[in-house]
Amino acid sequence: MAILTTRLSNVLGDRTAAVLEKSFGIRDVNELLRHYPRRYVVRGELTDISTLIADDEVTILAEIEAVKLRRANGKNILEVVVTDGSANLSLTFFNQAWREKELKTGRVGLFAGKVGIFKGKRQLSHPDYQLIPDGEDVDSAVAEFAGKFLPVYPATSKLPSWKIMQCVKLTLDSLDEMPDYLPPEIATEFGYPTLKKAFTDIHQPPDLESAENARKRLTFDEALLLQLLLGMRRNEIAKLITKSRTPNTPVLVAAFEEKLPFQYTAGQIEINNQIEKDLSNNYPMHRLLQGEVGSGKTVVALRAMLSVVDSSGQAALLAPTEVLAQQHYRTITKLLGDLAQAGTLQAGEIGTQVELLTGSLPLAQKKMIHTKLATGQTGIVIGTHALISDGVEFKDLGLVVVDEQHRFGVEQRDALRMKAKQPPHLLVMTATPIPRTVAMTVFGDLDISTLHELPAGRIAITTHLIPVLEKPHYLNRAWERVKEEVAKGHQVYIVAPRIANPNKKMTEREITAASLLGEEYLDNDEMSAVEELAPELATGPLKGLKLAVLHGKLSSEIKDETMSAFARGEIEVLIATTVIEVGVDVPNASMMVIMDADRFGVSQLHQLRGRVGRGGVPGLCLFVSNAQENSQSMQRLVAVAATLDGFELARLDLEQRKEGDVLGRSQSGGKSHLRLLRVLRDENLIDQARNVALNILVKQPDLINLPQLKSEVEKLKVDEATEFMDKS
């Protein structure tokens, strides 16, 4: 008898187990039983061969008339001809010569599969079958075989769905009674089956209602275990001891607020108070700060950093790119003015030193910054991955701010936190709005603060669609509109999805390189490209304007100089890829034209659009697209143009992308335990699981009286896919 931890080689034999491991990474009984069916097909009631139609799922009762084994194209092909008296049908099996021993002429059996056509003749390829022993009642065999719900699994050519079904059946038949980690009172409350029945019913359902109830039970398990892990993680954070970072006399904070050229919004005041309270605790803050582009997150984060510096600590801001790090440095030093000039002739009576540390700095400059951080001379450092290099040490790192967290790997975030002598406070910022259920599922161990309002002076952006196929003259009007904005003294972004168009089919190596760049699309369709669009516009519709290009293949120096020149107003039109998507702040930029807008995702379009209208001047964004009028791409653009609500758009984005595994490769690089849970589809179930988890943890925070449930949470805790939560 097998249990969940039994190796599959002990149940299915070494060869089959090896193929399962190679194909899907499945090694034991538990992993196989959690390889769930994608859908079910109903094995048909008995059908006459003469009435079969291509692509129908059918079941026939027939006698084997002929069997032939031949070899073609390096494969053994077993052809079995069967008849039911009305007509003949061919059954084909590839590389399964062993079946010749049981598929003997004269045997009667039930054969089921999908009807295909090969060389004008109907056939079943790799049909499911059951031979009827001599003397057995045919009617009872038919009742047992026909009309069943057959699971369809994620499969490979070497391991087709029917073979996986056989493996699962053998495994279920060998299962011993299994302990159920879900407390019986919870299963009873929601009407869920036991764990063993859930596994049986999802793989071998007597009816679709049983399969659906099994799916709900197993999905609930995933949600509950995740919520228990997050709840226990929150409890662990609360037990960590760190230094309170609320200063007795907030000198820098007060001086900074006196200099601010605007008033905080009500949302900023509320979150400032939340962070101040967090920093006063002697356990570390773990807070996610989310808000629209331009909602004022940087000011809130800067106030928190100054509070830590006021209490004799240091703060580090980790940004994903040099462009964003430089932008943060410019914004922060501008907001601080002489408060950022400590140790220089420009310094006032109070202040700190703010440094920018990136990989492209000369070695001597890096070493100087390293020394200042180690001695505590620098209070605030802003940087990229260079912050986590070996030479960087802090005197007293009290706060880590991570911007656009989703762009960092587990190790990068963790490496910076490890540079603190005691657990630092953590503030994570994101401009990508996260729907409530996703936040609850992925960031459940973080307190979440949301900035909903735009700061004073920000004006809503107007978005229009230019459907080039239907109304090509609209594009000419767009270029006229660009000239009008420049004539008013404003600046314009033009965004293209590509740097350059390939003139040949891409090799596999080029495809890999392109995907790593993130700015090139992997298909060979012609679309707008910066290096081709810029000269066309410079000699055509935008002739006479000051144009420049910006993209990822340019050197850091050229990118920085181009952005600085644009910020100074020396460039009127910037033609760029998505390098401007995050963190670029030019208040005088009032208009953006996004070429081939259908090539961008919902969140990306929203991020890009947020670059304009930042200086009290109305923002205008034009989506240019060659998509067909009724296509899904055009419908997506219409939806984005119709709303500025980032949370609504984030939801739309997830629905369109079928987010699937919220803890999958894109977030952690590991294999996720989440197989069934879908955060939008299963919102109500996640709510249920969260409430159940909180109730359990209130009564027994360490799950001491629920050892089986605790064991499942511990397994999840070491799952690679959840490491990013433990380390974020």
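**Two sheets, two cores and a few residues in between**

Biologist: Which residues does Q326 touch, not counting residues up to four places away in sequence?

Modeller: This is a predicted model, in which local features need pLDDT of at least 70, side-chain atom pairs count only at pLDDT 80 or more, and totals for chains, interfaces and linings use all residues. Residues are numbered from 1 along each chain as its sequence is written, and side-chain values use heavy atoms, with hydrogens and water left out. A touch, or contact, means heavy atoms within 4.5 Å. With neighbours up to four places away in sequence set aside, the residues that Q326 touches are L356 and D560.

Biologist: Is Q326 buried or exposed?

Modeller: Q326 sits in helix α12, residues 322-336; helices (H or I, at least four residues) and strands (E, at least two) are DSSP runs, numbered from the N terminus. Buried means under 20% relative accessible area, exposed over 50%, and partly exposed in between, with a 1.4 Å probe and protein chains only. The relative accessible area of Q326 is 10%, so Q326 is buried.

Biologist: In what order do the seven strands of the open sheet come?

Modeller: Two strands pair if DSSP finds at least two bridges between them. The pairing in this open sheet is parallel. Its seven strands come in the order β11-β12-β10-β13-β14-β9-β15.

Biologist: Thanks! Which are its edge strands?

Modeller: An edge strand here pairs on one side only. That holds for β11 (353-357) and β15 (447-451).

Biologist: And how much is the twist from one strand to the next, on average?

Modeller: Axes are lines fitted to C-alpha atoms, for helices over the stretch in contact, and angles run from 0 to 180 degrees between N-to-C directions. From one strand to the next, the twist averages 20°.

Biologist: Which helix packs on the sheet, touching β9, β14 and β15?

Modeller: This helix covers residues 266-280. Its direction makes about 155° with that of β15. The helix is α10.

Biologist: Let's look at the other sheet. In what order do the six strands come?

Modeller: This sheet is open as well, with parallel pairing. Its order is β16-β21-β20-β17-β19-β18. The edge strands, each pairing on one side only, are β16 (461-467) and β18 (547-550). Read across, then, the six strands run β16-β21-β20-β17-β19-β18.

Biologist: In β21, which residue does M592 stand opposite?

Modeller: Strand β20 (residues 589-594) and strand β21 (residues 619-625) pair in the parallel sense over four bridges. The residue opposite M592 is C621.

Biologist: What is the hand of the β-α-β unit made by β18, α19 and β19?

Modeller: β18 and β19 pair in the parallel sense over four bridges, and A548 stands opposite L574 in β19. A crossover is right-handed if, with the strands pointing away from the viewer, the path from the first strand over the helix to the second runs clockwise. The unit of β18, α19 and β19 is right-handed.

Biologist: Which residues of β19 are buried on its two faces?

Modeller: In a regular strand, side chains alternate between the two faces of the sheet. Both faces of β19 are covered. One side has V573 and I575 buried, and the other has L574 and A576.

Biologist: How many residues of helix α20 are buried?

Modeller: Helix α20 spans residues 602-609, and its buried residues include H606, Q607 and R609. The helix is largely enclosed by the rest of the structure, because the buried count is eight of the eight.

Biologist: How many residues has the largest nonpolar core?

Modeller: A nonpolar core is a set of buried Ala, Val, Leu, Ile, Met, Phe, Trp, Tyr and Cys residues joined through side-chain atoms within 4.5 Å. Those with the most contacts inside the largest one are L20, F199, F220, L228 and L416. This core has 80 residues.

Biologist: Which helix gives the largest share of this core?

Modeller: The share is nine residues. They come from a helix spanning residues 208-239, namely α8.

Biologist: How far apart are the C-alpha atoms of N235 and P701?

Modeller: N235 lies in helix α8 and, at 31% relative accessibility, counts as partly exposed. Along the chain, N235 and P701 are 466 residues apart. Their C-alpha atoms are separated by 7.9 Å.

Biologist: Last one: what percentage of the 728 residues in the protein chain is buried?

Modeller: The secondary structure of the chain comes to 26 helices and 21 strands. Of its 728 residues, the buried share is 53%.
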